[in-house]
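Have a look at the model below and turn it around a few times. Then we can walk through it together, starting from the inside.

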Amino acid sequence: MAAKKTKDQNQSPSADSLILTNKPAQKISKEQSTFNKLVTRINTIKSKIDGESAKMETLSKLYRSKIPGLAVELGKLKIQMAMLLHQKRSGIKLSNPQNEKLDSIIYDFLDDAFCVVQPNEEEKSIYTYYAGESFDDHEKSQQEYEKTIISQMFYEQFGVKLDPSLFNEDTDFEKLEADLKKQIEDQANKHHNKNTGPQKKSKKQLEKEALEKEKESIKTKSLRSIYLSLVKMLHPDTVQDENLKKEKEETMKQVVMAYEKKDLLQLLQLEMQWLRSHEDVLYNTDNKTLQAYIALLKEQAEQLEAELDMLYMNPAYSQVSGYRFETEHFARKEINHMANNFKEQSMFFTQDLHALQTSKNSTAVIKHCIEMYYDNMPF
């Protein structure tokens, strides 16, 4: 049975616990101020990721519960209408402009319906007649186009090119994200190497490189030292109480995860939670170490911003990603409005199908359909 958590351990460490404030006889330094801003920035991004993930999940669930079934129902009605118009047009006389409009209507119905309904061979052959190309060829070219668009989106967002052929039904998006991050790092390294090539370096450049190496060393040591101090404090074998031991084990899991992700902020927050003396720890931190913290936090903020952008590219949210800049309330209203539109269109198609099937004057019904549907076609 899991140990009962205390109030403090049941909640994530507070972001406010890392914000440094002025002491009575001491103003915060420039580095401490920068540290504060980065802590606030990271927590803002984390909060946005959590909020946007919840929003996208809610909207996606709402969309899946309402739209696909209605879209399929309307798609089937459009196929029935297209097939019936194709069948009945041979027995009536229409003007050339009317015939051209009817061609466009039948093609549009089939093209739209086949996005949500898999056509049979007869329906494919009618599509080929109006489209001028086979349905299979059209579908293949459409898939290639969509892959190119996705690849272009990644290029515009992250500045790296991905082979469009990588995107298919079996795409491993976690692996793709890892490859994407590696390309970004490689690109940055190439740029760095280009700017720090074999040319002779000045004394100032050498001093700057030495300082950067020292900062990198401090960054690594800072992460590891915090990690090791937490490991020592939280080691389950240091206590006999089973409940406390289990609490330490749970917190230790968070520490390991944070260290593996190089999440300095989370490590600091976990450390402060246990030490209960965060101001003394951070106020007494020397500037070089604090600068290393700042460098790590900047990296973390950039990674989180990339993670936020990747969230909207998740294929699970593709149907609702367009609501990225909308409130959840507005998006929910839009999805419900979309569902009502599908229902209304299905009602009109059902009425027109019935009229086309039962009317003795097919010419009048078809002309009515041309008048009604051609003007509403997307051009």
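What follows is a tour of the nonpolar cores, the charged pairs and a few single residues.

Keep in mind that this is a predicted model. A good place to begin is the largest nonpolar core, which has 63 residues. Inside that core, Met-81 and Leu-85 have the most contacts. Which helices feed into it with at least two residues each? They are helix 1 (30-89), helix 2 (96-113), helix 3 (121-131), helix 8 (264-275), helix 10 (287-312), helix 11 (328-358) and helix 12 (362-374). Helix 1 gives the largest share, with 21 residues.

Zoom in on Leu-85 and set aside its neighbours within four places in sequence: Leu-85 then touches Leu-102, Ile-105, Ile-106, Phe-109, Leu-356 and Ile-366. Another core, of 7 residues, lies apart from the big one, and its members include Leu-230, Met-252, Ala-258 and Leu-267.

Now for the charges. Side chains of opposite charge can pair when their charged atoms come close. Across the whole structure, a search turns up 8 salt bridges. One of these joins Arg-89 to Asp-103, with 2.7 Å between the closest N and O atoms. This pair ties together distant parts of the chain, since Arg-89 is in helix 1 and Asp-103 is in helix 2, 14 residues apart. Arg-89 is buried, at 15% relative accessible area, while Asp-103 is partly exposed at 30%.

Other bridges stay within a single helix. Glu-121 and Lys-124 pair up at 3.7 Å between the closest N and O atoms, and both sit in helix 3, 3 residues apart, about one turn of the helix. Is each partner buried or exposed? Glu-121 counts as exposed, at 60% relative accessibility, whereas Lys-124 is buried at 14%. These two also belong to a network of salt bridges that takes in Asp-136. Over in helix 7 (residues 242-260), Lys-253 and Glu-250 are likewise 3 residues apart, about one turn, and their side chains meet in a salt bridge at 3.3 Å, N to O. Glu-250 is partly exposed, with 34% relative accessibility.

What about the cysteines? The disulfide count comes to 0. Cys-115 is exposed, with a relative accessible area of 63%, and Cys-369 is buried, at 1%.

One last stop is Arg-224, in helix 6 (residues 203-234). Arg-224 is partly exposed, with a relative accessible area of 41%. Arg-224 and Leu-264 are 40 residues apart in sequence, yet 9.9 Å apart in space, C-alpha to C-alpha.

Methods
Residues numbered from 1 in each chain as written. Predicted model: local features only at pLDDT ≥ 70, side-chain atom pairs only at ≥ 80, totals over all residues. Heavy atoms only, no water. Core = buried A, V, L, I, M, F, W, Y, C linked by side-chain atoms within 4.5 Å. Buried < 20%, exposed > 50% of the residue type's maximum accessible area, 1.4 Å probe, protein only. Helix = DSSP H or I, 4+ residues; strand = E, 2+ residues; numbered from the N terminus. Contact = heavy atoms within 4.5 Å. Disulfide = S-S within 2.5 Å. Salt bridge = Lys/Arg side-chain N within 4 Å of Asp/Glu carboxyl O.
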